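Work through the exercises below with the structure open beside you. Try each task before reading its solution.

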Amino acid sequence: MNTQQKVAFITGGNRGIGLETARGLGRLGIEVVIGVRDPDKGEEAVAALRNEGIHASAIGFDATKPATFQAVYDHFASQYGRLDILVNNAGIALGDFFAPNASTVSQDVLRRTFDVNFFAVIELTQILLPLIRQAPAGRIVNLSSILGSLGTHCAPDSPIAPAKEVAYNASKTALNAYTVHLAAELADTPIKVNSAHPGWVKTDMGGPNAPMDIADGGKTSVQLATLPADGPTGGFFHMGEALPW
Ligand code: NAP
């Protein structure tokens, strides 16, 4: 890569919103590295991106295997010496979004959900932060969800009132807290940290009834990953609109 070209790391980049985010960033001339659990799926996604003229590659990343986090660090340290953009996109939802379960959810579901959606994000971000500090204008995007918005859950006639699967929702609320805390800690640096609600998107997770097409699903992440120097930090956004925490 030439030294001016930005490089981005997108976790869970082989399909869904992550792949669309890689595509969107790649179209802007940013080199994209996707984090993938399965090398074959990674190769397929990289081939699709390269077919569109995007400078793309894949590296092994599994949110449940912290040894892969260090390998990601080593890759960026040796190949680029910095990381301009980190998109913490990989996420899981183990239950039915519309099956309220605060009184019944198992410890197993809670812990597995938080492991991927929350703990892994913090651990990976902490490991990569020294490289993000080396970039002139580091950007960190945490893929949250409107389902993590307590303000929206509690609003009268809330549009998300029926969606009360607590493990997923609480993991995204916690992730939002991390966004606020990390952004505050980095306020004196050029690094911006924001939470994204991509929309309810037709992916494997979002399902076929989601109103938003996959082609639009990466737009919020791309926007937050490429914010200008006077852009916001420590916020929660969907397509440029601020959301309540
Ligand atoms: P998706 O279609 O289910 O794709 C999830 C991606 O995450 C896949 O690449 C998957 O890899 C990866 N992943 C899952 N578990 C992982 C693990 N343990 N380690 C590493 N990667 C893992 O989901 P999506 O709809 O694109 O969602 C992307 C993000 O947006 C998630 O954080 C989600 O919570 C959030 N979001 C989605 C919606 C929506 O409507 N779709 C709405 C709000 C927020 P494999 O292919 O190997 O499984």
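V46 makes contacts outside its own stretch of chain; which residues does V46 touch, leaving aside its neighbours within four places in sequence? Keep in mind throughout that this is a predicted model.

**Exercise 1. Place V46.**

Task: list the distant contacts of V46, then decide whether V46 is buried or exposed.

Solution.
- Step 1. Leave aside the neighbours within four places in sequence; V46 is then in contact with I34, A56, S57 and A58.
- Step 2. Find the element. V46 sits in helix α2, residues 39-51.
- Step 3. Check one partner by backbone distance. V46 and A56 are 10 residues apart along the chain, and their C-alpha atoms are separated by 5.8 Å.
- Step 4. Judge exposure. Buried means under 20% relative accessible area. V46 has 7%, so V46 is buried.

**Exercise 2. Build the sheet.**

Task: give the order of the strands and say which strands stand at the edges.

Solution.
- Step 1. Start with β1 and β2. They run parallel and are joined by 5 bridges. T11 stands opposite G35 in β2. The chain goes from β1 through helix α1 (residues 16-27) to β2, in a right-handed β-α-β crossover.
- Step 2. Add β3, residues 56-60. β2 and β3 pair in the parallel sense over 5 bridges. V32 stands opposite A56 in β3. The path from β2 to β3 runs through α2, and this β-α-β crossover is right-handed.
- Step 3. Go back to β1 and add β4. These two pair in the parallel sense over 3 bridges. I10 stands opposite V87 in β4.
- Step 4. Add β5, residues 139-143. β4 and β5 pair in the parallel sense over 4 bridges. R139 in β5 is the bridge partner of I85, and N88 stands opposite N142. The chain crosses from β4 through α4 to β5, again as a β-α-β crossover that is right-handed.
- Step 5. Write out the order. The open sheet has 8 strands, β3-β2-β1-β4-β5-β6-β7-β8, and its pairing is mixed.
- Step 6. Read off the edges. β3 and β8 (241-242) each have a single partner strand, so one side of each has no neighbour in the sheet.

**Exercise 3. Check both faces of two strands.**

Task: for β2, say which residues point each way; then do likewise for β4.

Solution.
- Step 1. Take β2, residues 31-36. Of its 6 residues, 6 are buried.
- Step 2. Split β2 by direction. E31, V33 and G35 point one way, while V32, I34 and V36 point the other way.
- Step 3. Turn to β4, residues 85-88. I85 and V87 lie on one side, L86 and N88 on the other.
- Step 4. Conclude for β4. All four named residues are buried, and both faces are covered.

**Exercise 4. Find the inner face of α3.**

Task: which residues of α3 are buried, and why do they line one face of the helix?

Solution.
- Step 1. Check the length. α3 has 13 residues and reaches 19 Å from first C-alpha to last, close to the 18 Å expected.
- Step 2. List the buried residues: T68, F69, V72 and F76.
- Step 3. Look down the axis. The buried residues fall within an arc of 110°, so they line one face of α3.
- Step 4. Look at the other side. There, A67 and S78 are exposed.
- Step 5. Name the packing partners. The buried residues of α3 pack against β1, β2, β3 and α4.
- Step 6. Follow the chain onward. G81 comes after α3, and its phi is positive, near 75°.

**Exercise 5. Map the nonpolar cores.**

Task: which residues of the largest nonpolar core touch the most other members, and which element supplies the largest share?

Solution.
- Step 1. Recall the background. In soluble globular proteins, nonpolar side chains tend to be buried together.
- Step 2. Name the hubs. In the largest core, of 30 residues, F9, F76, L83, L86, L128, I132 and I140 touch the most other members.
- Step 3. Assign elements. β1 (7-11), α3 (67-79), α4 (107-134) and α6 (166-185) each supply at least two residues of this core. The largest share, 10 residues, comes from α4.
- Step 4. Inspect one hub. Not counting residues up to four places away in sequence, L86 touches F9, L124, T125, L128, I132, R139, I140 and V141.
- Step 5. Look for another core. One of 27 residues lies apart from the largest, and includes A22, V36, A56 and V87.

Key:
Residues are numbered from 1 along each chain as its sequence is written. This is a predicted model: local features need pLDDT of at least 70, side-chain atom pairs count only at pLDDT 80 or more; totals for chains, interfaces and linings use all residues. Side-chain values use heavy atoms; hydrogens and water are left out. Buried means under 20% relative accessible area, exposed over 50%, partly exposed in between (1.4 Å probe, protein chains only). Contact means heavy atoms within 4.5 Å. A nonpolar core is a set of buried Ala, Val, Leu, Ile, Met, Phe, Trp, Tyr and Cys residues joined through side-chain atoms within 4.5 Å. Two strands pair if DSSP finds at least two bridges between them. A crossover is right-handed if, with the strands pointing away from the viewer, the path from the first strand over the helix to the second runs clockwise. The expected span of a helix is 1.5 Å times one less than its number of residues. The arc is that of the directions from the helix axis to the C-beta atoms.
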